[in-house]
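User: I am new to this structure and should be grateful for a close look at the disulfides. Please place them in the setting of the whole chain and explain each step of the reasoning.

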Amino acid sequence: MSLLLGIGLLTCIASSDFSSVFVLKGQDICLDVQENVQLKELEVFKWSFGSANILRCTDTLSVRVSPGYNNRVEFYKGNFSLLLKNIQEGDSGPYTAVVSGDKENTIIVHQLVLQERVEPPVLTLDSNSTINGNCNVTVTCRGQKTSVTSSCNSSTCSQVGGESRGAETSTVPLLSVYVAGGSIICNHSNQVSWANDTKEIVELCPMKSVSPPAGSMSMCMLKIILVSVGLVIMISAVITVHIRHRFHYG
């Protein structure tokens, strides 16, 4: 999965014509125009948000930022990219880069999608069984009003129920259940964050001791009986020798 995590890092997003940009609330994001923009005489480069102008840059690289975006954006004259700071809910929407002159040419449109950090999921055991030493469990992974039920063994999991999961390119969080390193992992993620709940398979499906069939004798019991019989024979032999000795010399 491709996640725009980059927390604490500067991330620039680029595309040829249109791109969906997923960003975590409070994060900075850099929007790139990608292509090499060369302004001709009297041409103006503009960044806008919806119908609102963010800034304009003339062919002499003189930049004027709209009052509403002072201290909220940074503009890089070298490549015409735009840095948006501290993204909030009202910042979601289309950001358009345009070159205006004799005609208006749209360079790129970035559709900014704000997402919250996902909540930690919860993995619960529904049922378990051990057959011929193989552990099989049914578990449910829950997170943010959705759930996935899966059947798992020591090597793989397969979904058997629950609600539809989000796609990797969707704004809906994705729930997935899989096996790794002897554990079952319930993963909850969106485009900007992830969290998981992990349980070891041995905790969900402990190996139980096998009881001997009815009427059969355990090895431990057999050893106790043999030792007891041996002791009885030894004691009987000692008593017999002692009695014969007394009778002979009595």
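Analyst: The chain exposes about 15400 Å² of surface, and 54% of this area is supplied by carbon and sulfur atoms. The model is predicted. Of its 250 residues, 36% count as buried. The chain contains two helices and 17 strands. Among contacts with a separation of 6 or more, 48% are made by residues 24 or more positions apart.

The disulfides may now be taken in turn. A disulfide is a covalent bond between the sulfur atoms of two cysteines. A pair of cysteine sulfur atoms counts as a disulfide if the atoms lie within 2.5 Å of each other, and by this rule the chain has two.

One of them connects Cys141 with Cys186, where the S to S distance is 1.8 Å. This distance lies within the 2.5 Å limit, so the pair qualifies. About the S-S bond the angle is 60 degrees, and the link of Cys141 and Cys186 is right-handed. This disulfide links distant parts of the chain, its two cysteines being 45 residues apart. Cys141 belongs to strand E12, which covers residues 134-143, while Cys186 belongs to strand E16, which covers residues 183-189. Both Cys141 and Cys186 are buried.

The other disulfide joins Cys152 to Cys157, with an S to S distance of 2.0 Å. The torsion about its S-S bond is about 115 degrees, so the link of Cys152 and Cys157 is right-handed. To be buried, a residue must have under 20% relative accessible area. Cys152 has a relative accessibility of 2% and therefore counts as buried. Cys157 has 18%, and therefore it also counts as buried.

How do the disulfides of the chain pair up when bonded cysteines are counted along the chain? The pattern is 1-4, 2-3.

Two further cysteines can be judged by the cut-off for burial. Cys30 has a relative accessibility of 1%, so it counts as buried. Cys135 is buried because its relative accessible area is 10%.

Aromatic rings offer another view of buried side chains. A search of the whole structure finds five aromatic pairs. In one of them, Phe45 and Phe80 have ring centres 4.8 Å apart and planes at 50 degrees, so this pair is tilted. The pair of Phe45 and Phe80 links distant parts of the chain, 35 residues apart. Phe45 lies in strand E4 (residues 44-49), and Phe80 lies in the loop between strand E7 (73-76) and strand E8 (81-84). Both Phe45 and Phe80 are buried. Phe80 also pairs with Phe75 in an edge-to-face arrangement, 5.8 Å from centre to centre and with 65 degrees between the planes. Phe75 is buried as well. Through ring pairs, Phe45, Trp47, Phe75 and Phe80 are linked into a cluster.

The surface provides a contrast to these buried residues. Val227, Leu231, Met234, Ile235 and Ile239 make a nonpolar surface patch of about 500 Å². Met234, a member of this patch, is found in helix H2, which covers residues 219-249. A residue is exposed if its relative accessible area is over 50%; Met234 has 56% and is therefore exposed.

In sum, the close look shows two disulfides: Cys141 with Cys186, and Cys152 with Cys157.

Definitions and conventions: Residues numbered from 1 in each chain as written. Predicted model: local features only at pLDDT ≥ 70, side-chain atom pairs only at ≥ 80, totals over all residues. Heavy atoms only, no water. Patch = residues over 30% accessible without salt bridge, like charges linked within 9 Å, V, L, I, M, F, W, Y side chains within 5 Å. Areas by Shrake-Rupley, 256 points an atom, 1.4 Å probe, with all protein chains shown as cover. Salt bridge = Lys/Arg side-chain N within 4 Å of Asp/Glu carboxyl O. Helix = DSSP H or I, 4+ residues; strand = E, 2+ residues; numbered from the N terminus. Buried < 20%, exposed > 50% of the residue type's maximum accessible area, 1.4 Å probe, protein only. Phe/Tyr/Trp six-rings, centres within 6.5 Å; stacked < 30°, edge-to-face > 60°. Contact = heavy atoms within 4.5 Å.
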